[in-house]
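Colleague: Got a minute to go through this one with me? I'd like to start with how a pair of helices packs.

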Amino acid sequence: MWRRSFCILSKRPYSSQPEIPSLYSFLQPSIFSLKRTQQPCTTPQKPHNQTPLTLTQEHKSNLESKLQDSIKTNNTDEAWKSFKTLSNYSAYPSKSLTNSLITHLSSLNDTHNVKRAFASVVYLLEKKQELLKPETLHVLLNSMKDANSVAPAFALVKCMFKNRYFIPFSMWGDVLVEICRKNGNFGGFLQVFNENCRIAVDEKVKFLKPSLVACNVALECCCCELESITDAEKVVETMSVLGVRPDEYTFGLLAYLYALKGLKEKIAELEGLIRGFGFRDKGVFFSNLISGFMKCGNLASVSATILQGVRETDGQGLSFRERTYNDVVSGFLQNGSIKDLATLIGETQTLESPSVIVERSVGYGIINACVNLGLLDRAHMIFDEMNAQGASLGLGVYLPILKAYCKEQKTAEAAQLVTDISSLGLQLDVATYDALIEASMSCQDFQSAFSMFRDMREARIPDLQGSYLTIMTGLTESHRPELMAAYLDEIVEDPRVEIGTHDWNSIIHAFCKAGRLEDARRTFRRMTFLQFEPNEQTYLSLINGYVTAGKFFNVLVLWNEVKRKVSAEGEKKMKLDNTLVDAFLYALVKGGFFDAVMQVVEKSQEMKIFVDKWRYKQAFMEKHKKLRISKLRRKNRGKMEALIAFKNWAGLSA
């Protein structure tokens, strides 16, 4: 079927003009430089008979040894000199030594030595090709690819053909493909490809069978550069003769060419072949059809092809590349066809399944292309035109706009658009909400972030945790504890959000750091009312805030609360740590509440917590150096006893 579908392979002989000036001139001066003739001729001239100079066997052995040692020691210039001497006398080194030299020269990754390697191979192909190994030529071609040497690579392969030195296609063909792709020289590759295939067919050299990749590159040249149906179908027939099975890309290239030429019958034949080969995904085929129709300005066929593609996927969307949609948008907009684009989106939405992946919808593809091309205003014009036509706007039409707003930090516009989307009964996914909220928080547009989070809740999105953490983190970094408190209070009863003591601690800490102690205390009361259990960090933040403000009595109140928890039984029992003990002792000593100080000391001893007394000695000396026990004895006996106990404990009695 594959072979019957195309015309018979025409066996045009391979020919080329002498390319010495352009391909070999870089070898000058060289012992291998090619002589130019005054009159070009089709057959190379034979050199005059010359009696080659001879070497003694001893001299040859010495040169070979020197060559081998030079390669081992990386003395490249000396190795090259030995090789030239041997070659001048037609006394070639052994096969292994010859290939070692060429491989060594090729591996040095500099142009000068790649030229040497190339010159050596060309010379040996002419004079003594049995010395060459296919693997050596593969190494040299790879070096040419790395050096971006296009002309020498072509010259080497042509020299191989000219001297009938045939090696497996895999050892040179795919490397040449890479070189051509890198430099866009597909025309040169097509010539070499045709000659290779002629030899493979005429002389039945099976190992010259090209790879599918190489065949597609040759076909791409015919379809996209030459735009020649004859040459393209010749390549396809060659593939059939040599048994190279085509793929979706092969048919896509032909589809582009037939669409460009307006050959609908040929396109229909291609569709039959695609079914025959069992290719299910026609995305590449349709993309190339569209590109061909776009190039010749056939917009009606572009629309028809897109609609056909949607139908053939049962409404599950098209796997087009972004480039395809970019071409579609550019082509339609150049003709001022905003209305046609809006109509196309509306028609595809009636065919697409409700379960279609949003990114595969045509509406998404077209609007996203507008965004990619920097035509956000045109995207809005398409919106307006679709509304004027009474078409419903699917989620795919909105998403690219939201992403553009997110990228440009137009978060207020994004929040309004999210509200509009929700009002239409459409639902964004979690990832989109998260990205929009993160963008809002990064530019400190807190109200937009709150608005979109409310939309998430109302849309019954099950996973709110990511966006919740984004908002809380952003508010913390922006030092906005009042917004944190209001936000937390609003969502505290939502079971989809995991709120813990650490969240309340963040708010309390921020309030204390800002000196807003009443707000911190209010948050603390709200926290305990909602049955969130304070922990060491909660109390530590409050203590530090009170100490900074000099409100030591409030620390005493906190200690009385903590003391009850420390003395409690069961699960409610609280454990003190070294940091909290230190904070309480320092604050209570500063405040002069020595009875409470000794209570803390007693609890720390029970729990075997180490206490550095020196810090509290210093605090006492700074604050209460002039305090006299005799004065306290007359006023408050209990306080006097507590002071004596503290001084004894701290070592201040003396």
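Modeller: Sure, and keep in mind that this is a predicted model. Take helix α26 (residues 501-513) and helix α28 (residues 536-549): their axes come within 9 Å and cross at roughly 5 degrees.

Colleague: How are α26 and α28 oriented to each other, then?

Modeller: Angles under 35 degrees count as roughly parallel, so α26 and α28 are roughly parallel to each other.

Colleague: Which residues make the contact?

Modeller: From α26 you have Thr501, Asn505, Ile508, His509 and Cys512, and from α28 Gln537, Thr538, Ser541, Leu542 and Gly545. They split into 3 nonpolar, 7 polar and no charged.

Colleague: Switching to cysteines: how many disulfides?

Modeller: The count is 0.

Colleague: Why is Cys197 without a bond?

Modeller: A disulfide needs the two sulfur atoms within 2.5 Å. The closest cysteine sulfur to that of Cys197 is in Cys215, 6.0 Å away, so it is too far for a bond. Cys197 is also buried, at 4% relative accessible area. As for Cys406, the nearest cysteine sulfur belongs to Cys443, 9.0 Å away.

Colleague: OK, aromatics. How many pairs?

Modeller: There are 17 aromatic pairs. One of them is Tyr92 with Tyr123, a tilted pair at 6.3 Å centre to centre with 50 degrees between the planes. Tyr92 sits in the loop between α3 (76-88) and α4 (95-106), while Tyr123 is in helix α5 (residues 111-127), 31 residues apart.

Colleague: Is Tyr92 buried or exposed?

Modeller: Buried, at 14% relative accessibility. Tyr123 counts as buried too, at 16%.

Colleague: Which residues form an aromatic cluster?

Modeller: Phe450, Phe453, Tyr468 and Tyr487 form one.

How values were computed: Residues are numbered from 1 along each chain as its sequence is written. This is a predicted model: local features need pLDDT of at least 70, side-chain atom pairs count only at pLDDT 80 or more; totals for chains, interfaces and linings use all residues. Side-chain values use heavy atoms; hydrogens and water are left out. Axes are lines fitted to C-alpha atoms, for helices over the stretch in contact, and angles run from 0 to 180 degrees between N-to-C directions. Helices (H or I, at least four residues) and strands (E, at least two) are DSSP runs, numbered from the N terminus. Angles under 35 degrees count as roughly parallel, over 145 as roughly antiparallel, 65 to 115 as roughly perpendicular and the rest as oblique. Contact means heavy atoms within 4.5 Å. Ala, Val, Leu, Ile, Met, Phe, Trp, Tyr, Cys and Pro count as nonpolar, Asp, Glu, Lys and Arg as charged, and the others, Gly among them, as polar. Buried means under 20% relative accessible area, exposed over 50%, partly exposed in between (1.4 Å probe, protein chains only). Rings of Phe, Tyr and Trp (its six-membered ring) pair if their centres lie within 6.5 Å; planes under 30 degrees apart count as stacked, over 60 as edge-to-face and the rest as tilted.
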